[in-house]
Amino acid sequence: MLEPLNEGFLSRISDLLLCRWTCRHCCQRCYESSCCQSSEDEVEILGPFPAQTPPWLMASRSSDKDGDSVHTGSEVPLTPRTNSPDRRCSSSDTSKSTYSLTRRISSLESRRPSSPLIDIKPIEFGVLSAKKEPIQPSVLRRTYTPDDYFRKFEPQLYSLDSSSDDVDFLTDEEILSKYQLGMLHFSTQYDLPYNRLTVRVIEARDLPPPICHDGSRQDTAHSNPYVKICLLPDQKNSKQTGVKRKTQKPVFEERYTFEIPFLEAQRRTLLLTVVDFDKFSRHCVIGKVSVPLCEVDLVKGGHWWKALVPSSQNEVELGELLLSLNYLPSAGRLNVDVIRAKQLLQTDVSQGSDPFVKIQLVHGLKLVKTKKTSFLRGTIDPFYNESFSFKVPQEELENASLVFTVFGHNMKSSNDFIGRIVIGQYSSGPSESNHWRRMLNTHRTAVEQWHSLRSRAECDRVSPASLEVT
């Protein structure tokens, strides 16, 4: 059993700690705390942080030194005065204890080296004057010269492009007088029971005459216009009217349907593009009309005359081709499936196109083999589903290239070029390279992919294999 500690020993230990905390310069007989002891019984109030002496205590200490115990009107008495009998009996003891407390704190204040004071300034919520320093340090800012300022401008954002927002604030008469590209008459109607949108292209008028590619003069011949219809943002599933020969006032009267839910149709934008057919070069875009379908009553329907505005796309796309590639290492055979094509460039004014695909195998820079599909009459969306096989050893596969060229069959003259792509060692673009790489990584598995056709000049510029074929 441990004996209880002596209460005198505990009190001396506490006095020692309090003395060392309060009297920083005390170094004599700290165990007995003789330097801090007073001849009278005192109550010492200590805190962990030194603070500034309150004004009422300073006033009491000055009044004690002068021997005057009378408080002024502005001073707060140390102890509350009451008329109870108990308070009268202990009034002498209270005054004595108060006087001893005041002397004790005075001696500690004089003995303490220097108590840190916290200077708290009042917060001003007004505007800082010019002479006052800001609270937050100023941030160094870079000074810009006029050249740096104008260098940030992007000129294309301020160009007079038809896709800019200023066209939305112009009337059809203002657009027609500004661009002079003609007007287009069309209508829309949505069939709720069958969930399909019908677009009717009626006619156009006041179309401009065709422009030469050098831009120096206008041809005297009339245009050969046709219209392409799509629902943005989907430009792949587009429709196309027939070509009207040599007229600036074509009458189409053709209807096209889009299978689309009603809520999805309201999110789309109807885009009608008027294109000028050119047999010997790329077709030229005359103008366009775009109508957000959320702004029209689709169920009720209606028809409009809209002025054409210039299009940022000066040339139409050549079409797309769906291919499948498969390589068998054991047999050393490269299998190619030409599945279908869509939205091919029209090469014949009267009956669309008679497209076929020519496939040519090039090893390095040498033409090895040529094969072609059958041609389909009067269509720009042909379905082929024809397969071809080329013998390519595995060690020669990395040096092989496949050139796919789409032509329009012509019995009277040479075939009309539509578009081309190159897949293999000398691919014509990143999409073609990705298809070839996927085939090499998955042997014995057919890999399908859509490809956008390119012009002959573009393929010749980026692919040496395109230069080796006709």
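**Exercise 1. Which side chain does a polar contact of 2.6 Å join to that of D337?**

Solution. The structure shown above is a predicted model, and the first step is to find D337, whose place is in strand β10. The polar contact of 2.6 Å joins the side chain of D337 to the side chain of S387. The next step is to list what else D337 touches beyond four places in sequence: besides S387, the contacts are L322, L323, S324, E386 and F388. One of these, S324, is 13 residues from D337 in sequence, yet the two C-alpha atoms are 4.9 Å apart in space. Finally, the relative accessibility of D337 is 25%, which is why D337 counts as partly exposed.

**Exercise 2. Describe the overall make-up of the protein chain, starting from its helices and strands.**

Solution. Begin with the secondary structure: the protein chain has 10 helices and 16 strands. Then consider burial, where 37% of the 470 residues count as buried. For the surface, about 30000 Å² is exposed, and carbon and sulfur atoms supply 53% of that area. The last step concerns contacts between residues at least 6 apart in sequence, of which 64% join residues at least 24 apart.

**Exercise 3. Locate the largest nonpolar core and state which elements each supply at least two residues of this core.**

Solution. In soluble globular proteins, nonpolar side chains tend to be buried together. Here the largest nonpolar core has 34 residues, and L321, L402 and F404 are those with the most contacts inside it. At least two residues of this core come from each of the strands β9 (320–328), β10 (333–342), β11 (355–363), β13, β14 (400–408) and β15 (416–424), and likewise from the helix α8 (430–441). A second core, separate from this one, has 32 residues and includes F186, I229, L270 and I286. To see one member of the largest core in detail, take F404, which, leaving aside neighbours within four places in sequence, is in contact with L321, L323, V336, V357, K358, I359, G419, R420, I421 and I423.

**Exercise 4. Check the length of α8 and work out how its buried residues are arranged around the axis.**

Solution. First comes the length: at 1.5 Å a residue, the 12 residues of α8 should span 16 Å, and because the end C-alpha atoms are 16 Å apart, the two values agree. Next, identify the buried residues of α8, which are E432, H435, W436 and M439. These residues cover an arc of only 95° around the axis, so they lie on the same side of α8. The general rule is that an α-helix has 3.6 residues a turn, so residues three or four places apart point the same way. On the other side of α8, P430 and N441 are exposed. As a last step, look at what lies against the buried residues of α8: they pack against β9, β10, β14, β15 and β16 (447–452).

**Exercise 5. Decide whether T373 and T273 are buried or exposed, and give the surroundings of each.**

Solution. Start with T373, which is placed in the loop between β12 (366–372) and β13 (383–391). Its relative accessibility is 6%, and therefore T373 counts as buried. Not counting residues up to four places away in sequence, T373 touches V338, F356, V357, I359, Y384, E386 and F388. Turn now to T273, which is placed in strand β6 (residues 269–276). T273 has a relative accessibility of 14% and therefore also counts as buried. With residues up to four places away again left out, T273 touches Y226, V227, K228, V285, G287 and K288.

**Exercise 6. Examine the backbone at P233, Q180 and K246.**

Solution. As background, most residues other than glycine have a negative phi, and most peptide bonds are trans. The peptide bond from L232 to P233, however, is cis, with omega near 10°, and P233 is placed in the loop between β3 (225–232) and β4 (234–240). Q180 is not a glycine, yet has a positive phi of about 55°. This residue, Q180, lies in the loop between α6 (172–179) and β1 (183–191), and with a relative accessible area of 57% Q180 is exposed. K246, also not a glycine, has a positive phi of about 50°. K246 is found in the loop between β4 and β5 (251–259), and at 60% relative accessibility K246 counts as exposed.

How values were computed
Residues are numbered from 1 along each chain as its sequence is written. This is a predicted model: local features need pLDDT of at least 70, side-chain atom pairs count only at pLDDT 80 or more; totals for chains, interfaces and linings use all residues. Side-chain values use heavy atoms; hydrogens and water are left out. Helices (H or I, at least four residues) and strands (E, at least two) are DSSP runs, numbered from the N terminus. Buried means under 20% relative accessible area, exposed over 50%, partly exposed in between (1.4 Å probe, protein chains only). Contact means heavy atoms within 4.5 Å. A nonpolar core is a set of buried Ala, Val, Leu, Ile, Met, Phe, Trp, Tyr and Cys residues joined through side-chain atoms within 4.5 Å. The expected span of a helix is 1.5 Å times one less than its number of residues. The arc is that of the directions from the helix axis to the C-beta atoms. A polar contact is a pair of N or O atoms within 3.5 Å; within protein, one must be able to donate a hydrogen and the other to accept it, and residues adjacent in sequence count only if both atoms are side-chain atoms. Accessible areas come from the Shrake-Rupley method with a 1.4 Å probe; for residues, only the protein chains shown count as cover.
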